[in-house]
Structures are given as structure tokens and as C-alpha cells.
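Welcome, and thanks for opening this report. Please have a look at the chain below before reading on.

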Amino acid sequence: MTEHASSAPMNLDETETVRLAVYHGFARTGQAPGLPGLAALTGLAPDRVRQELRTLHDSHDLVLDPQDNDRVVMAHPFASVPLGFSVMGTRTLWWGGCAWDSFAMPHLLRDEPDVLVATRCPACDTPHAWVVGREAPPQGGQVAHFLIPMSRAWDDVVHTCGNQRLFCSTDCVDT
Ligand SMILES: [Zn+2]
Ligand SMILES: [Zn+2]
């Protein structure tokens, strides 16, 4: 559990209720639930949900759209915007956040013991796909490249995740 900003007024139970509702919404539908959906799911007033979303944003438990603070862009490993990876389950399609996030999904999705993760090499456009389960890492000689150092990952986490990609080889990374 992440530490919460101490300056904001908060109720830990309500914060956690909203956090779980965001995760359940993402897990079930592949999309972030909106403010009315979160209010309905949690039984909290929309203004209260909005406050809790801000608390969760400040504590890095999720990421809000800077243009629309009612909209959740990421709750790792889930994303509501394309970042280079798709993750296909038996009935649901998710945007995978990044090379890490996409491969983490079967561990969070109770009903999806494995998923199909797909991406394109950012250098040469070659398609890559893996069936990813919970037991072992998938086979493959591809190379992961992380553009932003972890110490600066949260300066702009959407940009960070959008640049954690998988390439065919080190030659493609160099390109
Ligand atoms: Zn990520
Ligand atoms: Zn390539």
C-alpha cells in the first residue's frame, strides 16, 4: 500500500473503496469506469468520488487525465489509453500499459489465467505476440527498452509507460 499525502482530508476506507472500484471496473470491462459509474459502484456522492480520485492520483495509485480530472488514464497495470500493447482475454480486451504492465495482467485477472499480449517493434514495425500466463515468463528473444530512468518515472508516468517497449533485438533498439 502506498503512503497517502498527509495534507489532503481523507477517509482511508472510502479511498480504498474507490481504488478497488476503479480496479474492478478496469478488470471487468477493459475501460476505466467514469465518475457516475464509480459513484454507483461505491454508493458515494460524485463529489466525494472526485476527492478520492484526487487523493489516489496524488499518492500514485492511479493517474488522472490532466485535461479532465474525472477521467482515469491509468491504474497500473491498466490503462484507458493506447500505449503500444493490447491484452486480449477470453471476452475482454485491455490496453496494456507498457512492457511490464501488459505481462502483469494475468496475475490480477482472476478469470483470465492467460492472455494474448501483442505489440509492434517501435523500430521496424514487426508484430510480436505472446500467450502470457501466471506460471512462467513467455518464450522469446525480444529486448525490453526503458527510456526513462525509474527515479524519474513519475515525472510523467504516461510518457514513461508509453516508452517502455519491446523490440526485436538490440539492433532495433539502436535504430
Ligand atoms: Zn508501465
Ligand atoms: Zn524490430
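The sections below cover confidence, domains, helices, the sheet and two backbone details.

## How far to trust the model

What you see here is a predicted model. The protein chain has a mean pLDDT of 92, and 94% of its residues reach 70 or more. That is the overall picture, but please take care at the start of the chain: over residues 1-8, pLDDT stays under 50. For that stretch the model has 13 contacts beyond four places in sequence. Where pLDDT is low, predicted coordinates should not be read in detail.

## Two domains

The domain assignment divides the protein chain into domain 1, covering 12-75, and domain 2, covering 82-174. Taken over C-alpha atoms, the centres of domain 1 and domain 2 are 24 Å apart. Seven residues from domain 1 and ten residues from domain 2 take part in the contact.

If you would like to find the domain 1 side of this contact, look at helix 1 and strand 2 (68-75), each of which supplies at least two of the residues there. By class, that side of domain 1 has four nonpolar and three polar residues, with no charged residues.

## How the helices pack

Two packed helices are described by the angle between their axes and the distance between the axes. Helix 1 (residues 12-29) packs on helix 3 (residues 46-58) at about 85 degrees, and the axes are 9 Å apart. Helix 1 and helix 3 are therefore roughly perpendicular to each other. From helix 1, the contact uses E14, T15, V18 and R19; from helix 3, it uses R48, V49, E52, L53, T55 and L56. Sorted by class, these are four nonpolar, two polar and four charged residues.

Helix 3 also packs with helix 2 (residues 35-42), here at an angle of about 105 degrees and with the axes 9 Å apart. That angle makes helix 2 roughly perpendicular to helix 3. On the helix 2 side you will find L35, P36, L38, A39 and T42, which meet P46, V49 and R50 of helix 3. The contact of helix 2 with helix 3 divides into six nonpolar residues, one polar and one charged. V49 of helix 3 is listed in the contact with helix 1 and also in the contact with helix 2.

## The sheet

Strands of a sheet pair through backbone hydrogen bonds, either parallel or antiparallel. In this model, seven strands form an open sheet in the order 1-2-3-5-4-6-7, with antiparallel pairing. The edges are strand 1 (63-65) and strand 7 (127-132), each of which pairs on one side only.

For a closer look, try strand 4 (residues 85-88) and strand 5 (residues 93-96), which pair in the antiparallel sense over four bridges. To locate one of these pairings on the model, start at F85, whose bridge partner in strand 5 is G96.

## Two backbone details

Most residues other than glycine have a negative phi, and most peptide bonds are trans. Against that background, H60 has a positive phi, near 65 degrees. You can find H60 in the loop between helix 3 and strand 1.

Which peptide bond is cis? The bond from H76 to P77 is, with omega near 5 degrees. P77 lies in the loop between strand 2 and strand 3 (78-79).

Technical notes: Residues are numbered from 1 along each chain as its sequence is written. Chains are lettered from A and ligands numbered from 1 in the order in which they are written. This is a predicted model: local features need pLDDT of at least 70, side-chain atom pairs count only at pLDDT 80 or more; totals for chains, interfaces and linings use all residues. Two strands pair if DSSP finds at least two bridges between them. Axes are lines fitted to C-alpha atoms, for helices over the stretch in contact, and angles run from 0 to 180 degrees between N-to-C directions. Angles under 35 degrees count as roughly parallel, over 145 as roughly antiparallel, 65 to 115 as roughly perpendicular and the rest as oblique. Two residues are in contact if their C-beta atoms, placed from the backbone, lie within 7 Å. Ala, Val, Leu, Ile, Met, Phe, Trp, Tyr, Cys and Pro count as nonpolar, Asp, Glu, Lys and Arg as charged, and the others, Gly among them, as polar. pLDDT is the predictor's confidence in each residue, from 0 to 100. Domain bounds come from an automatic or database domain assignment.
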